[in-house]
Amino acid sequence: MTRLRGFLLPLLLAVLTGWGAAGCGLGSTGPVPAGAPASGFQGESGGASVRLYFVGRDGLQAVSRPAATAPDPQAALDLLVRGPDEAERARGLTTEVAASEDRLTAGVADGTVDLRLAESVALMRGMGGLGLAQIICTVANADVPGGRQSTEVDVRVYEPRSDDPWMVRCDAAGNVIPRRA
């Protein structure tokens, strides 16, 4: 029994300290660089895409649609106003952006989106909550010149009869964050 114990104890210690793994030819290398992580969305044809924000069961949900070219903020906004397509509706997605809000305009100046609302936020359907977030996140994720990531795009929001905009950004989770002008 003492002989068996004398054999098993060193073997057990060798396995627990990693000698067994090193003895099998496995090295102890650290992380190995493998290139940049995957990013972006490519449509089926490998082309561009447009990211729209709709309302799902748990709040805002981003949807990517294939596009011939990356749309500017106005083109993305026009698609948003049309609402979810059949497949998106089948997944339970809806919109808080009323079709009458097609008078919304979005232009770009110095890498910032100037968003002009057709009506004041207080009068928007749903008190402007999710509908406004849909609009802001959609235009921030469009093709905005200046090389900024969508989370770094400032959106200046102009309400009707006001020349004093307020500025926001859309974070990666689809939340609207106030910014100082």
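What follows is a chat between a trainee and a mentor about the predicted model shown above.

Trainee: Let's start broad. How many helices and strands does the protein chain have, and in which order do they run?

Mentor: There are five helices and seven strands. From the N terminus on, the order is α-α-β-β-α-α-β-β-α-β-β-β. Of the 181 residues, 34% are buried. The accessible surface comes to about 11,500 Å², and 55% of that belongs to carbon and sulfur atoms.

Trainee: On to the sheet. What makes β3 and β7 the edge strands?

Mentor: The sheet is an open one of five strands, in the order β3-β4-β5-β6-β7, with mixed pairing. β3 (105-109) and β7 (176-179) each pair on one side only, and that makes them the edge strands. Neighbouring strands of this sheet are turned by 30 degrees against each other on average, direction ignored.

Trainee: How do you know that β5 and β6 really count as paired?

Mentor: Two strands pair if DSSP finds at least two bridges between them. Strand β5 (residues 155-158) and strand β6 (residues 166-170) have three bridges, so they qualify, and the sense is antiparallel. Val157 stands opposite Trp166 in β6.

Trainee: And what makes β6 and β7 a pair?

Mentor: The reasoning runs along similar lines. Four bridges join β6 to β7, against a requirement of at least two, so they pair as well, running antiparallel. Met167 stands opposite Arg179 in β7. The hairpin of β6 and β7 has five residues between the strands, and Gly174 there takes a positive phi near 85 degrees.

Trainee: Which helix packs on the sheet, and which strands does the helix touch?

Mentor: That's α3 (residues 73-82), which touches β3 and β4 (112-116). The direction of α3 makes about 160 degrees with that of β3.

Trainee: How do you know that the length of α5 fits a helix?

Mentor: Helix α5 (residues 129-140) has twelve residues, and at 1.5 Å a residue they should span 16 Å. The end C-alpha atoms of α5 are 17 Å apart, so the two values agree.

Trainee: Why is α5 called mostly covered?

Mentor: A residue is buried when its relative accessible area is under 20%. Ten of the twelve residues of α5 are buried, hence the label. Among them are Leu132, Ile135, Ile136 and Val139, and also Gln134 and Thr138.

Trainee: Now the charged side chains. Why is the contact between Arg65 and Asp85 called a salt bridge?

Mentor: The cut-off is a side-chain nitrogen of Lys or Arg within 4 Å of a carboxyl oxygen of Asp or Glu. Arg65 and Asp85 come in at 3.9 Å, N to O, so the pair passes. Arg65 sits in strand β2 (residues 59-67) and Asp85 in the loop between α3 and α4 (86-90), 20 residues apart.

Trainee: What makes Arg65 buried but Asp85 partly exposed?

Mentor: Set each value against the limits. Arg65 has 15% relative accessibility, which is under 20%, so Arg65 counts as buried. Asp85 has 32%, between 20% and 50%, so Asp85 is partly exposed.

Trainee: What makes Arg65, Asp85 and Glu88 a network?

Mentor: Arg65 also meets Glu88 in a salt bridge, at 2.7 Å, N to O. Glu88 lies in helix α4, 23 residues from Arg65. Salt bridges thus link Arg65, Asp85 and Glu88. Both Arg65 and Glu88 are buried.

Trainee: How many salt bridges does a search of the whole structure find?

Mentor: Five. One of them joins Arg169 and Asp154, at 2.7 Å, N to O. Arg169 is in strand β6 and Asp154 in the loop between α5 and β5, 15 residues apart.

Trainee: Why is Arg169 called buried at 19%?

Mentor: The limit is under 20%, and 19% is under it, so Arg169 counts as buried. Asp154, with 10%, is buried too.

Trainee: Last one: why does Ala118 count as partly exposed?

Mentor: Ala118 has 24% relative accessibility, which falls between 20% and 50%, so partly exposed is the right label. Ala118 is found in the loop between β4 and α5. Leaving aside neighbours within four places in sequence, Ala118 is in contact with Arg103, Leu104 and Pro160. Ala118 and Glu159 are 41 residues apart in sequence, yet 7.3 Å apart in space, C-alpha to C-alpha.

Methods. Residues are numbered from 1 along each chain as its sequence is written. This is a predicted model: local features need pLDDT of at least 70, side-chain atom pairs count only at pLDDT 80 or more; totals for chains, interfaces and linings use all residues. Side-chain values use heavy atoms; hydrogens and water are left out. Axes are lines fitted to C-alpha atoms, for helices over the stretch in contact, and angles run from 0 to 180 degrees between N-to-C directions. Contact means heavy atoms within 4.5 Å. The expected span of a helix is 1.5 Å times one less than its number of residues. Buried means under 20% relative accessible area, exposed over 50%, partly exposed in between (1.4 Å probe, protein chains only). Accessible areas come from the Shrake-Rupley method with a 1.4 Å probe; for residues, only the protein chains shown count as cover.
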